[in-house]
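User: I am new to this structure and would like a close look at a single part of it, the strands around one hairpin, and then at how the other sheets are put together. Please take it slowly and connect each point to the next.

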Amino acid sequence: MKSRYFAWLWTVLILFAPAASEAVDINIGAFSDLGGATSDAGKEYAMGVAEAIHYINDAGGINGRTVKLFQLDYGYRIPEVLVKYSLLKQKKCVAILGWGPGDTEALAPAIAGDKLPYVSAYYAAHLCDPGKSPYNLFIATDYSTQARGLVTAWFDKKWPAKPDFGKRKPRIACAYMTASPFTSASIKAAKDQATLLGFDIGADQDVSLFAIDTQSRIAALKEFKPDVVLHTNTVMSVAAALRDSDALELGADHLIISSGFTENLVQQAGKAAEGAMGCAPWAFFGQNVKLMDKVEAYAKKYNPGISPENRTIHTVQAWANVLGLAEALKRADKAGDLSGQGILKKGFETMRDFEIGLGMAPVSFSASDHRPQSKAGIYEIRDGKFAPLDEVDLKSRWPEKWKREWLGW
Amino acid sequence: MTHCNMTTRNCVLILIALGFLAGCAAMAAKPTDQNFKAPAVTLDSMEVAHYWGWWYYAKAVPPTKGTAGNNGAPLDLAFIFAIENPNPFPVMLESLKFTVAFEDFDLNALSSTDIQWIPPGKTNQVRVHAMFDGEQSRLKLMLVDAVKLKEKDIDAMTQIEKWWTGISQGAFPVSVKEGAAVFKADSLVKVSTFKAAWPR
């Protein structure tokens, strides 16, 4: 009789208990700046992260498992991000989507110790050396490869059309906030590339990230008479430099890495932005590339109060990191190892020429090289729009230097 | 009646009761894409939740304790929203986010991911705290809005001080904009948009 009692009880439990075989969520952390110094871009990047995670889950998650996102604003306060990192560890997040230089640099020692993959929107080349920061990752062209690509594309495409071509060396100068590690990150590589191609290099011009008047810097540049100026600041001060260059008739072309090359540059610099060349590892919002229909659809679905005209490349930038991390998670999960080390070794480092979409060059990682892309996508601003100009493959053009010299700086 | 028979009878009764409850649940309105209406989100009020006044210490000033740094007074505002569920079934608020602007300067973006259920035909309240950091707000103005400040002929520090000291009197307009609240019923999703100005 006792066995019949248990049979009934078992039937009741089976009928009404939740399915024991339900897949367990995968927890992912994210840091955002929604109210701090970088919140202008940070807010949109955060929206892009959340929208892309919705897309990943709607498309089947990570091999059937739902991603649960713990997205935390740290207001660009470094003490706060250190505290909130502990919170994400308590939530058992298997990876973190970071934001900018502040959180990425501050947390680098901790994530290396904890072996926790940290995929952020800070693309300094020193993060690409697995010997130094194996768990810092990103899905983009690193700043140094961007700068090398820009200098090369200008040399190939613009210099031959200049009146002085063949008569003298081209002249380049760099305009950036010299005290900032973020804006200085790619300068050494840019100058190295300029030297390789035979440029004369002028004195650096110290342009503050907060500058809206750069006339004294542009006036100083006029003495050197550069053919081209490389900018590595963010949008507001780059726009000021372009406006002042135009007003003071500097007569140089302008090269801008991705941190300053967004839709807002055209808005702020106006006609002075015409002809400026920039590196964009991803397509601009709304451009006709693979997966952009999803980017637009999820932006419209989850943030219908923001018009598509006000969405920018920062959304696409976020999608790239989310899609790259999701691919690594799928591979690691298939290999049965979602530990931080598993996500790195069995996920990221198994990617070879992986096609993300979003107008990006293919992405590769290996155990000895975390530079995701060797191809720099170069655009030119024409009639206020971003027109593709060139794609410079540094690895195929300088294979020995790419392999033996350029990693990590 | 033996003990075993009684046990069997009790189990049957339990099964019948559970079946009845499940039947009742099935009779309630089921959400569909057609009948699921987006709940209405409105700003009920805004409060200064915690207040430190206005001060700013540059990192050149040695602190009595702790580490020197550029620090501005925080400001904690609370935004209280009414969430009205017009549906004949409960809906779940999954997330709510919005941007806050002082005058026409976007200064903060807030997000609440605390899940709550809203009963059919009822109105819930959601309180979202917005912590404004004096120093980070100043830097944001300098890094992004410097041209607008110049047009207004005011520097970032003075502007922040005016806002921090004038907030309790409603001395300037505070806007809630780009609001989006994500609701779920079963597997269906609806997103409500909202915006508001304070003082009204």
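Analyst:

**The hairpin and its surroundings**

Within this predicted model, A:C279 has A:I378 in β12(A) as its bridge partner. That pair belongs to a longer contact between strands, for β11 of chain A, residues 277-279, is joined to β12(A) by 3 bridges, and the two run in the antiparallel sense. On β12(A) there is also a pairing with β13(A), again antiparallel, and this one extends over 8 bridges. One of the residue pairs here is A:K375 with A:D393, the latter lying in β13(A).

The link between these two strands deserves a careful look, since β12(A) and β13(A) make up a hairpin in which 2 residues lie between the strands. A:D383 sits in this loop, after β12 (375-382) and before β13 (385-393) of chain A. The phi of A:D383 is positive, at about 50 degrees, even though the residue is not a glycine. Around A:D383 there are 7 C-beta neighbours inside 10 Å, and because a count of 12 or fewer is taken as exposed, A:D383 is classed as exposed.

A second residue of chain A can be set beside this one. A:K225, which is likewise not a glycine, has a positive phi of about 55 degrees, and its place is the loop that connects α8 (215-224) with β9 (228-231) of chain A. Its surroundings hold 13 C-beta neighbours inside 10 Å, and so A:K225 is counted as partly exposed.

**The parallel sheet of chain A**

Elsewhere in chain A, 5 strands are arranged as an open sheet whose order is β2-β1-β3-β4-β5, with parallel pairing. At its edges stand β2 (67-73) and β5 (136-137) of chain A, each of which pairs on one side only. Looking at the edge formed by β5(A), one finds that β4 of chain A, residues 118-119, is connected to it by 2 bridges and runs parallel to it. The residue of β5(A) that stands opposite A:V119 is A:L137.

**The antiparallel sheet of chain B**

Turning to chain B, 3 strands build an open sheet in the order β1-β4-β8, and here the pairing is antiparallel. The edge positions are taken by β1 (40-51) and β8 (123-133) of chain B, and since each has a single partner strand, one side of each is left without a neighbour in the sheet. From one strand to the next the twist averages 20 degrees. Between β1(B) and β4 of chain B, residues 74-84, the antiparallel pairing covers 10 bridges, and among the partners is B:F79 in β4(B), which is matched with B:M46. Across β4 and β8 of chain B lies helix α2, residues 134-144 of chain B, whose direction makes an angle of about 75 degrees with β8(B).

A further feature of chain B concerns its backbone, where the peptide bond joining B:W198 and B:P199 is cis, with an omega of about -5 degrees. B:P199 belongs to the segment that follows β10 (188-198) of chain B.

**How far to trust the prediction**

For chain B the average pLDDT is 91, and 86% of the residues score at least 70. For the complex, the predictor gives an ipTM of 0.88 together with a pTM of 0.91. As a caution, predicted coordinates should not be read in detail where pLDDT is low.

Methods
Residues numbered from 1 in each chain as written. Chains lettered and ligands numbered in written order. Predicted model: local features only at pLDDT ≥ 70, side-chain atom pairs only at ≥ 80, totals over all residues. Helix = DSSP H or I, 4+ residues; strand = E, 2+ residues; numbered from the N terminus. Buried ≥ 20, exposed ≤ 12 C-beta atoms within 10 Å, placed from the backbone. Pairing = 2+ DSSP bridges. Axes fitted to C-alpha atoms, helices over the stretch in contact; angles between N-to-C directions. Contact = placed C-beta atoms within 7 Å. pLDDT = per-residue confidence, 0-100.
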